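Colleague: I have a chain open and would like to talk it through. Could you take my questions one by one?

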Amino acid sequence: MILLNVLEGMMGKHKVSEADKIEANNLMEEVVEILEPCIKCGMCKSLCPVFRVLREEQVSPRGKAIILSEKILDKVVFECTLCKGCEQECPSDVKVCDAILKGREAMVLRGKGLKSDAERVREVWKGGNFFGKRD
Ligand code: SF4
Ligand code: SF4
C-alpha cells in the first residue's frame, strides 16, 4: 500500500487523505527522534558529496538535520545520494539516511513528491524505460 502511495505521489495522482496526513505526521515524529542526538557539530559536511558540489549549508547533512528536526518538509530531502558518508564520522551516530528516507516518504504522502520523478515513472509506464521508448 505504501509503495502504491509512493508511486501515485511521484505520478502526481496521489490524493492526500486524512490517513496519509496522520502517517506523514507519525513519520515526522520518527524523524525528529532519529535526529535528536545531532549536536550540529558539522563534522559530516566534508564527507557529503552533495555539499561538496553545491556548497550550500541547507543541503549538507547538518542542514538537512536542522530542517527536518523542525518538521519542515523541503525538497532538500531529495538532494541526497544516501551514500551514508555523513554517518561515518558522526560522533553521535545519527542515522541521517533513515531520517531522510522517512522525510521523503512523508513528503510523498503529503503530495509533495518530485515532478522529475513523476515524469520518469510516466515514461516507464508509457514506453517501458526511462526514455519513453521500447527498444
Ligand atoms: S549529523 Fe552527526 S556529524 Fe552531522 S552535525 Fe549532526 S552530530 Fe554532527
Ligand atoms: S547520505 Fe546524503 S547527506 Fe549523507 S553524505 Fe551522503 S549525500 Fe550527503
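Colleague: Which residues of H6 are buried?

Modeller: This is a predicted model, so we read computed positions. A residue counts as buried if 20 or more other C-beta atoms lie within 10 Å of its own. In H6, the residues that pass are Val96, Ala99, Ile100, Lys102, Gly103, Arg104, Glu105, Ala106, Met107, Val108 and Leu109.

Colleague: How many of the 14 residues of H6 are buried, and what follows from that?

Modeller: H6 is largely enclosed by the rest of the structure. That follows because the buried count in H6 is 11 of 14.

Colleague: What span should H6 have, and how far apart are its end C-alpha atoms?

Modeller: Take 1.5 Å a residue for the 14 residues of H6. The expected span is then 20 Å. The end C-alpha atoms agree with it, because they are 20 Å apart.

Colleague: Which residue just after H6 takes a positive phi?

Modeller: Look just past the end of H6. Phi there is about 75°, and the residue is Gly111.

Colleague: Which element gives the largest share of the largest nonpolar core?

Modeller: That core has 28 residues, and Val31, Leu35, Ala99 and Ala106 have the most contacts inside it. Helices H2 (18-35), H3, H4 and H6 each supply at least two of its residues. The largest share is seven residues, and it comes from H6.

Colleague: Why might such residues gather?

Modeller: There is a general tendency in soluble globular proteins. Nonpolar side chains tend to be buried together.

Colleague: Which residues does Ala99 contact, leaving aside neighbours within four places in sequence?

Modeller: Ala99 is one of the core residues with the most contacts inside the core. Contact here needs C-beta atoms within 7 Å. Beyond its sequence neighbours, Ala99 meets Val31, Ile34, Leu35 and Leu68.

Colleague: Which helices do the buried residues of H4 pack against?

Modeller: The buried set in H4 is Pro61, Arg62, Gly63, Lys64, Ala65 and Leu68. Their packing partners are H2, H5 and H6.

Colleague: Is Pro61 buried or exposed?

Modeller: Pro61 sits in helix H4. It has 28 C-beta neighbours inside 10 Å. The cut-off is 20 or more, so Pro61 counts as buried.

Colleague: Which residues does Pro61 touch, not counting those up to four places away in sequence?

Modeller: Start with Cys48, 13 residues from Pro61 along the chain. Their C-alpha atoms are separated by 7.0 Å. The full set touched by Pro61 is Cys44, Lys45, Cys48, Cys86 and Val96.

Colleague: Which residues come nearest to ligand 1?

Modeller: The shell around ligand 1 divides into 12 nonpolar, two polar and two charged residues. H4 (residues 61-69) gives the most to this shell, with three residues. Of the 16 residues around ligand 1, those that come nearest are Cys38, Cys41, Cys44, Arg62 and Cys90.

Colleague: Which residues are closest to ligand 2?

Modeller: Here the shell holds 11 nonpolar, two polar and two charged residues. H3 (49-54), H4, H5 (85-88) and H6 (96-109) each supply at least two of them. Of the 15 residues that surround ligand 2, the closest are Cys48, Cys80, Cys83, Gly85 and Cys86.

Colleague: Is Arg55 buried or exposed?

Modeller: Arg55 lies in the loop between H3 and H4. It has a positive phi of about 50°, although it is not a glycine. Because it has 10 C-beta neighbours inside 10 Å, Arg55 counts as exposed.

Colleague: How does Lys71 count, with 14 C-beta neighbours inside 10 Å?

Modeller: Lys71 is in the loop between H4 and H5. Its phi is positive, near 60°. Exposed needs 12 or fewer neighbours and buried needs 20 or more. With 14, Lys71 counts as partly exposed.

Colleague: Where in the chain is confidence lowest, and where is it highest?

Modeller: The chain averages a pLDDT of 85, and 78% of the residues score at least 70. Where pLDDT is low, the predicted coordinates should not be read in detail. The lowest mean, 56, belongs to helix H1 (residues 2-10), and the highest, 97, to H4.

Colleague: How many helices and strands are in the chain?

Modeller: From the N terminus on, the elements run α-α-α-α-α-α-α. The count is seven helices and zero strands.

Key
Residues numbered from 1 in each chain as written. Chains lettered and ligands numbered in written order. Predicted model: local features only at pLDDT ≥ 70, side-chain atom pairs only at ≥ 80, totals over all residues. Near = placed C-beta within 6 Å. Helix = DSSP H or I, 4+ residues; strand = E, 2+ residues; numbered from the N terminus. Nonpolar A, V, L, I, M, F, W, Y, C, P; charged D, E, K, R; others polar. Core = buried A, V, L, I, M, F, W, Y, C linked by C-beta atoms within 7 Å. Contact = placed C-beta atoms within 7 Å. Expected span 1.5 Å × (residues − 1). pLDDT = per-residue confidence, 0-100.
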